[in-house]
Amino acid sequence: MSDVQPGFVVAEKLVGAITVVELRGELDIVAKTRITDRLESLARAPRPDLVLDLRQVTFIDCCGLSILCRVRSRAARSGGRLRLVSHDPAFRRLLRLTALTGEFELFDDLTSAIAQQPKDAIA
C-alpha cells in the first residue's frame, strides 16, 4: 500500500490474473495528477483484467470520472476489461446523470466483481 497524497490511498494486488486497485479518499484533480499514469499503464497491458474498488472513495468529481473513462477506454483498446465496485447511491446517481451507467460493469461488492466472467466468455 502506498500513500499517493494525504487523504488519498491506493492499494494494488493481484487476485489470480485480475489486478484489483483499491482507491480510498477523494478522487479529484489532485488525485488525477498522481494516479492517472499508473492506472493507464495497467490498462495498456495486453488483455488487462482490472477491478477498481471505489467503496472507500469519499468524493468524486469530473476529473475522477475522466480517470475512470480513460482507464475503461484503454483497457478495451488493449482487449481487456474494467469493472468498478461501489455501492454508493451518490456515485450511481452521478453515473446516471452523466449518462455513463451503461459504460461500466458495476458491482456492489468485490467478490461479485472478481467472480464475474466476461460477457463474451464461453461457459
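Visitor: Why is Arg55 called partly exposed?
Guide: In this predicted model, Arg55 has a relative accessibility of 32%. Partly exposed covers the range between 20% and 50%, so Arg55 belongs there.

Visitor: What makes Asp53 count as buried?
Guide: Asp53 has 4% relative accessibility. Buried means under 20%, so the label holds for Asp53. The residue sits in strand E4, which spans residues 49-60. Leaving aside residues up to four places away in sequence, Asp53 touches Val21, Glu22, Leu23, Val85 and Leu110.

Visitor: How do you know that Asp53 forms a salt bridge with Arg55?
Guide: The closest N and O atoms of Asp53 and Arg55 are 2.6 Å apart. The rule asks for an Arg or Lys side-chain nitrogen within 4 Å of an Asp or Glu carboxyl oxygen, so Asp53 and Arg55 qualify. As background, side chains of opposite charge can pair when their charged atoms come close.

Visitor: What makes the link between the side chains of Asp53 and Arg55 a polar contact as well?
Guide: Their polar contact has a length of 2.6 Å. The limit for such a contact is 3.5 Å, so this pair meets the distance test too.

Visitor: Why do Glu40 and Arg44 count as a salt bridge?
Guide: Their closest N and O atoms lie 3.8 Å from each other. That value is within the 4 Å limit, so the pair is counted.

Visitor: Why are Glu40 and Arg44 separated by about one helical turn?
Guide: Both belong to helix H1 (residues 29-44), where they are 4 residues apart. An α-helix has 3.6 residues a turn, so residues three or four places apart point the same way.

Visitor: Are Glu40 and Arg44 buried or partly exposed, and how do you know?
Guide: Glu40 has 5% relative accessibility, which is under 20%, so it counts as buried. Arg44 has 48%; this lies between 20% and 50%, so Arg44 is partly exposed.

Visitor: What makes Asp108 and Arg92 a salt bridge?
Guide: Their side chains meet at 2.6 Å, N to O, and the 4 Å rule is therefore satisfied. The pair links distant parts of the chain, with their positions 16 residues apart in the numbering. Asp108 is in the loop between strand E6 (105-107) and helix H4 (110-115), while Arg92 is in helix H3 (residues 89-97). Asp108 has 44% relative accessibility and Arg92 has 25%. Both values fall between 20% and 50%, so each residue counts as partly exposed.

Visitor: What joins Glu40, Arg44, Arg70 and Arg74 into one network?
Guide: Salt bridges that share partners do this. By the salt-bridge rule, the count comes to 10.

Visitor: How do you know that Asp88 caps the N-terminal end of H3?
Guide: A side-chain oxygen of Asp88 lies 3.0 Å from the backbone nitrogen of Ala90, which is inside the 3.5 Å limit for a polar contact. Following H3 there is Ala99, whose phi is positive, near 60°.

Visitor: What pattern does the protein follow along the sequence?
Guide: The order is β-β-β-α-β-α-β-α-β-α, with 4 helices and 6 strands in the protein. Of its 123 residues, 41% count as buried. Among contacts between residues at least 6 apart in sequence, 61% join residues at least 24 apart.

Definitions and conventions: Residues numbered from 1 in each chain as written. Predicted model: local features only at pLDDT ≥ 70, side-chain atom pairs only at ≥ 80, totals over all residues. Heavy atoms only, no water. Helix = DSSP H or I, 4+ residues; strand = E, 2+ residues; numbered from the N terminus. Buried < 20%, exposed > 50% of the residue type's maximum accessible area, 1.4 Å probe, protein only. Polar contact = N/O pair within 3.5 Å; in protein donor to acceptor, adjacent residues only side chain to side chain. Contact = heavy atoms within 4.5 Å.
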